[in-house]
Amino acid sequence: MLELRRVCTFYGNIQALHEVSLTIHKGEIVTLIGANGAGKTTTLMSICGVVPPRQGEILFEGRPIHILPPDRVVALGISQVPEGRLIFPEMTVLENLELGAFLRSDTAGIQEDLDYVLTLFPILAERRRQLGGTLSGGEQQMLAISRALMARPRLLLLDEPSLGLAPIVIQQIFAIIQRVNKAGTTVFLVEQNAHQALKIAHRGYVMENGRITLEDSAHALLANDEVRRAYLGM
Amino acid sequence: MDLQYFFELTLSGLTRGSIYALIAIGYTMVYGIIELINFAHGEVYMIGAFTGLIVAGILGTMGFPLPAILVLAALVAMLYCAGYGYTIEKIAYKPLRQAGRLSPLISAIGMSLFLQNYVILVQTSDFVPFPSLIPEFAFLEPIAHIFGSSDFLIVVVSAVLMAGLTVFIKYTKIGKAMRATAQNRKMALLLGVDADRIISVTFIIGSALAAVGGVLIASHVGMVNFAIGFIAGIKAFTAAVLGGIGSLPGAMLGGLFLGLAESFGAGYISSDYEDVFAFSLLVIFLIFRPSGIMGKAKVEKV
């Protein structure tokens with residue numbers, strides 16, 4: 001479904017990604033784990049066209065998307081839940097969700113998806129008239145995921161959804177990610193919380209200093225000595 | 001205390017403040033989206049007044065009735081200035097989008113000087129008489145000596161335009177996208193909002209509102225020249241800062257506040273110091289409440 005071929009991305013003269021290649025198949029949950037500053041977020045920003053790669057190719061369902069601006073990438077069916085959630089603080093929960101469907105005009109379908117995300121996260125239905133900035137961290141993460149789902153994506157990109165959340169909220173969020181995946185959305189999950197991520201993922205990639213250093217099934221990565229030492233603290 | 005004098009000053013402050021508010025909206029919206037003070041905005045207001053003058057001249061010789069001339073002059077000025085706003089952004093600011101904050105600011109000042117000198121070349125630097133386009137309303141007769149038809153029309157038209165804009169920003173899809181872009185440009189981008197389009201819409205709306213202000217004020221005062229945009233622009237910018245730059249209701253409130261303050265200052269203290277009151281207020285606000293009436297102190301969250 002998504003394929004990165006030797007992607008090199010730069011910030012000015014600083015190279016953040018070195019020939020990153022990875023593949024995500026339809027229906028999978030694929031995770032990208034790695035330390036702070038390894039290039040995980042940059043990988044997502046390259047996919048979305050916010051920081052386009054200087055070299056290499058990104059193919060979505062066979063067509064090159066590394067040459068497209070962000071709005072075209074979203075229109076093709078790729079949504080992102082960014083690091084830090086980036087909720088619009090001065091807008092209501094409902095307005096945040098409506099903006100998720102910004103590029104759509106099928107009113108009936110939008111309403112359907114709104115009902116769907118509000119059943120996934122009933123707390124958002126309760127808070128629909130509240131300003132986004134007044135929500136707790138966990139609620140904001142739920143809102144960010146819901147907002148991304150409002151675009152009815154075929155590929156959902158998640159950047160550190162567990163960041164700063166209480167363990168019980170993390171469990172809840174990851175359960176929802178699995179549920180969304182089972183409902184047919186392919187998921188690319190970027191995480192520092194390697195243990196949680198590998199538990200729900202089918203396959204995983206390990207990134208270090210802008211390079212992919214390991215690639216395997218999530219099972220195998222959980223058992224891998226190197227991964228256990230470096231990312232699982234065992 | 002003379003109550004009638006007080007009302008007189010209040011009404012003239014409202015008239016003046018409405019125009020400041022109309023122009024301030026352009027400053028504050030642009031600042032909200034791209035954090036730029038568009039110094040050429042006052043010139044767009046001035047060009048709006050000249051456009052109104054030209055259209056009124058043409059329609060007048062064709063024998064149009066007064067109300068029709070006024071409406072058409074304002075509409076043409078809005079469209080024409082919308083084009084100016086759009087073009088100014090494309091020429092002077094868009095190429096500098098990645099260039100930090102100082103370069104577009106200097107470019108704005110350059111654009112302002114360019115437009116003033118361009119108008120001097122085509123319209124001379126003299127004051128040109130502007131026809132009175134505003135019909136006399138019979139129902140205002142009893143108070144016409146303190147609140148004439150043009151005052152009335154300025155206040156009403158400004159109020160309607162600002163209410164319309166508020167509804168537009170709050171409820172339409174593009175209005176929501178504008179707010180989203182102002183709150184978090186990167187996230188808006190990730191949702192598929194085309195930032196360039198939003199920026200263009202912002203310049204178009206701000207310029208069109210300034211153009212209406214230009215036509216109304218020119219008709220009220222009865223003359224225009226190339227420099228009217230400078231002082232009106234600085235005053236409106238002051239209003240936007242008083243209200244809290246970036247905040248739409250702040251610009252409206254700030255405009256009215258400044259208009260009233262100037263009117264009372266001129267009426268009760270001395271009209272020679274009119275501008276001093278405005279800019280003293282600006283200094284006082286910048287010292288004690290730099291975020292303005294409606295603005296919030298920016299908290300950087302990590």
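**Two sheets in chain A, and a helical chain B**

Let me start with a sheet in chain A: six strands, open, in the order 6-7-8-3-9-10, with mixed pairing. Strand 6, residues 78–81, and strand 10, residues 211–217, each have a single partner strand, so they stand at the edges and one side of each has no neighbour in the sheet. Averaged over this sheet, and with direction ignored, neighbouring strands are turned by 15° against each other. I should say now that this is a predicted model.

Staying at the strand 10 end, strand 9 of chain A covers residues 203–208 and runs antiparallel to strand 10 of chain A, with six bridges joining the two. One pair to look at there is Glu208(A), whose bridge partner in strand 10 is Arg211(A).

Next, the helices on this sheet. Helix 6 of chain A, residues 137–149, lies across strand 6 and strand 7, the latter being residues 155–159. Its direction is at about 170° to strand 6 of chain A. Helix 7 of chain A, residues 167–182, lies across strand 3, strand 7 and strand 8. Here the angle is about 155°, taken against strand 8 of chain A, which spans 186–191. Strand 7 of chain A therefore has both helices across it, helix 6 and helix 7.

Chain A also has an open sheet of four strands, ordered 2-1-4-5 and paired antiparallel. At its edges are strand 2, residues 14–24, and strand 5, residues 63–64, each of which pairs on one side only. Strand 1 of chain A, residues 2–11, is joined to strand 2 of chain A by seven bridges in the antiparallel sense. Tyr11(A) stands opposite Ile14(A) of strand 2. Helix 1 of chain A, residues 40–48, lies across strand 1, strand 2 and strand 4, the last of these being residues 55–60. Against strand 2 of chain A, helix 1 runs at about 70°.

Now chain B. What does chain B contain in the way of helices and strands? There are 11 helices and two strands. Read from the N terminus, the order is α-α-α-α-β-α-α-α-α-β-α-α-α. The radius of gyration of chain B is 19 Å, and the globule rule gives 19 Å for 302 residues, so chain B is as compact as a globular protein of that length. Along the principal axes, its C-alpha atoms fill a box of roughly 60 × 50 × 35 Å. Half the chain, 50% of the 302 residues, counts as buried. Among contacts in chain B with a separation of 6 or more, 77% are between residues 24 or more positions apart.

One residue in chain B as an example: Leu72(B), in helix 3 of chain B, residues 66–93. Is Leu72(B) buried, exposed or partly exposed? It has 17 C-beta neighbours inside 10 Å, so it counts as partly exposed. Outside its neighbours within four places in sequence, Leu72(B) is in contact with Val55(B) and Leu59(B). Ala56(B) is 16 residues away from Leu72(B) in sequence, with a C-alpha to C-alpha distance of 8.1 Å.

Last, the two chains together. The contacts involve 19 residues of chain A and 14 residues of chain B. On the chain A side, helix 2, residues 70–76, and helix 3, residues 93–100, each supply at least two residues. By type, that side of chain A has 13 nonpolar residues, two polar and four charged.

Definitions and conventions: Residues numbered from 1 in each chain as written. Chains lettered and ligands numbered in written order. Predicted model: local features only at pLDDT ≥ 70, side-chain atom pairs only at ≥ 80, totals over all residues. Pairing = 2+ DSSP bridges. Axes fitted to C-alpha atoms, helices over the stretch in contact; angles between N-to-C directions. Contact = placed C-beta atoms within 7 Å. Rg over C-alpha atoms; globule rule 2.2 N^0.38 Å. Buried ≥ 20, exposed ≤ 12 C-beta atoms within 10 Å, placed from the backbone. Nonpolar A, V, L, I, M, F, W, Y, C, P; charged D, E, K, R; others polar.
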